[in-house]
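Here are a few friendly notes to read alongside the model, set out as numbered points. Keep the structure open and follow each point in turn.

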Amino acid sequence: MKITRLTTYRIPPRWMLLKIETDAGVTGWGEPVIEGRAKTVEAAVHELSSFLIGQDPARINDLWQAMYRGGFYRGGPILMSAIAGVDQALWDIKGKVHNVPVYQLLGGLVRDRMKTYSWVGGDRPADVIAGIRRLREAGFDTFKMNGTEEFGMIASAKDVDAAVERIAEIRSAFGNQIEFGIDFHGRVAAPMAKVLLRELEQYRPLFVEEPVLAEQCEYYPQLAQSTSIPLAAGERMYSRFDFKRVFQQGGIAIVQPDLSHAGGISECIRIASMAEAHDVALAPHCPLGPVALAACLQVDFVSHNAVLQEQSMGIHYNKGAELLDYVVNRDDFTIVGGYIAPLPKPGLGVVIDEQRVEEASRNAPDWRNPLWRHQDGSVAEW
Ligand SMILES: O=C(O)C(=O)C[C@@H](O)[C@H](O)CO
Ligand SMILES: [Mg+2]
């Protein structure tokens with residue numbers, strides 16, 4: 001079998017899908033994208049296609065190594081997202097050729113269902129109580145929200161109190177009937193992370209995510225020493241070589257590799273295994289589309305240390321399209337009581353509505369995240 005064509009589709013709300021075709025008529029789908037840099041990743045995918053066309057799609061490991069090592073420069077969000085989408089599509093092809101879901105090719109199920117969580121509150125966390133109430137009616141009991149808005153390197157007591165009071169209200173409204181992660185989203189600088197973690201500890205969040213920016217990961221051990229709140233990170237780490245340092249230094253209790261940013265299924269399986277060896281839980285990051293989620297689930301169902309799966313249904317970013325809009329087998333993505341079952345179909349387990357994707361790709365918005373600024377006009381972390 002040979003790869004014959006790679007086609008990319010940038011689609012609302014801010015995703016990109018990749019279709020890899022073969023001379024045997026078997027097609028695989030991937031989701032290579034960096035939110036806000038879709039066109040850059042698209043260029044990277046097409047740079048890789050000149051190597052990939054004519055190759056045997058069954059040789060996923062060799063193609064992965066050639067894409068990663070063959071260009072001399074390696075790693076980073078753009079190349080690793082391009083590789084991720086290609087890798088996902090190659091696993092999709094392999095599963096379809098053998099007529100089994102990818103998790104069967106990876107040794108079979110370690111669990112019968114996977115726990116998921118839902119975002120509430122949006123970019124500027126608001127109305128989280130109402131959002132939780134609505135999602136609880138849909139069966140969710142685990143949530144994630146942003147912890148702050150713009151937040152100074154040395155933040156005011158007023159801004160700290162606003163962040164803490166929001167969490168206090170949640171606990172007072174729902175007690176221990178719900179769980180929630182707080183995403184600092186890299187908005188909190190190292191000096192303030194310790195302060196905020198201390199103030200939030202009494203409300204026992206399930207985790208605090210990106211307590212500092214990934215480039216400040218050397219603070220993880222001391223932050224972990226300062227709090228009992230499990231710390232989580234990973235969406236802005238792109239390979240096992242990035243995660244290696246975090247495992248070696250410690251401090252992170254939950255790793256959150258993104259299946260569309262960290263080299264795909266092949267790399268995230270390796271990251272999951274490294275995490276398990278360090279007694280670190282796995283909670284793949286996935287604010288993206290259906291192919292990314294399907295790839296996450298393939299890893300979740302074969303990873304003992306997978307504890308939680310992010311999914312983007314109803315997320316504040318999904319303006320103009322929702323996760324299931326491009327999916328034919330929607331029922332397979334049904335979430336009951338917060339849990340999702342293994343996707344039964346071959347490959348990644350998602351059947352893409354190609355006509356819908358084609359149509360949506362004709363005038364896709366070129367999504368950008370907002371540029372936030374502090375009151376003094378300096379750039380603020382979004
Ligand atoms: O889902 C998360 O945990 C996020 O932090 C969302 C962020 O990753 C945006 O997708 C960036 O555009
Ligand atoms: Mg996050």
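1. Let's begin in the loop between α7 (190-200) and β7, where R204 is found. This model is predicted, and in it R204 has a positive phi of about 50 degrees although it is not a glycine. Most residues other than glycine have a negative phi, so a value of this sign is worth a look.

2. A second backbone feature to look up is the peptide bond from P12 to P13, which is cis, with omega near 0 degrees. You will find P13 in the loop between β1 (3-11) and β2. As general background, most peptide bonds are trans.

3. Now for the metal. Which residues coordinate the magnesium ion (ligand 2)? They are D183 through OD, and E209 and E235 through OE, at 2.0 to 2.2 Å. Along the chain these donors follow the spacing D-x25-E-x25-E. Two of them, E209 and E235, link distant parts of the chain: E209 sits in strand β7 (residues 207-209), while E235 is in the loop between β8 (231-233) and α9 (240-249), 26 residues apart.

4. E209 deserves a second visit. Its side chain also meets that of K144 in a salt bridge, at 2.6 Å from N to O. This pair too links distant parts of the chain, with E209 in strand β7 and K144 in strand β5 (residues 142-146), 65 residues apart. The count for the model comes to 19 salt bridges.

5. Stepping back to the overall layout, the domain assignment gives domain 1 (3-100) and domain 2 (104-346). Taken over C-alpha atoms, the centres of domain 1 and domain 2 are separated by 25 Å.

6. How do the domains meet? In domain 1, 34 residues are in contact with 35 residues of domain 2. The area buried between domain 1 and domain 2 is about 2,600 Å², and carbon and sulfur atoms give 64% of that area. How many salt bridges are counted between domain 1 and domain 2? The count is zero. Polar contacts do occur across the interface of domain 1 and domain 2, with 16 residue pairs found, both residues at pLDDT 80 or more.

7. Finally, look at the side of domain 1 that touches domain 2. Here β2 (15-22), β3 (27-30), α2 (60-69) and α3 (77-98) each supply at least two residues. Of the contributing elements, α3 gives the most to this side of domain 1, with 13 residues. Sorted by class, the side of domain 1 that touches domain 2 has 17 nonpolar, nine polar and eight charged residues.

How values were computed: Residues are numbered from 1 along each chain as its sequence is written. Chains are lettered from A and ligands numbered from 1 in the order in which they are written. This is a predicted model: local features need pLDDT of at least 70, side-chain atom pairs count only at pLDDT 80 or more; totals for chains, interfaces and linings use all residues. Side-chain values use heavy atoms; hydrogens and water are left out. Domain bounds come from an automatic or database domain assignment. Contact means heavy atoms within 4.5 Å. Buried area is the accessible area (1.4 Å probe) that two parts lose on being put together, summed over both. A salt bridge is a side-chain nitrogen of Lys or Arg within 4 Å of a carboxyl oxygen of Asp or Glu. A polar contact is a pair of N or O atoms within 3.5 Å; within protein, one must be able to donate a hydrogen and the other to accept it, and residues adjacent in sequence count only if both atoms are side-chain atoms. Helices (H or I, at least four residues) and strands (E, at least two) are DSSP runs, numbered from the N terminus. Ala, Val, Leu, Ile, Met, Phe, Trp, Tyr, Cys and Pro count as nonpolar, Asp, Glu, Lys and Arg as charged, and the others, Gly among them, as polar. Donors are N, O and S atoms within 2.8 Å of the metal (3.2 Å for Na, K and Ca); water is not among the atoms, so sites may look incomplete.
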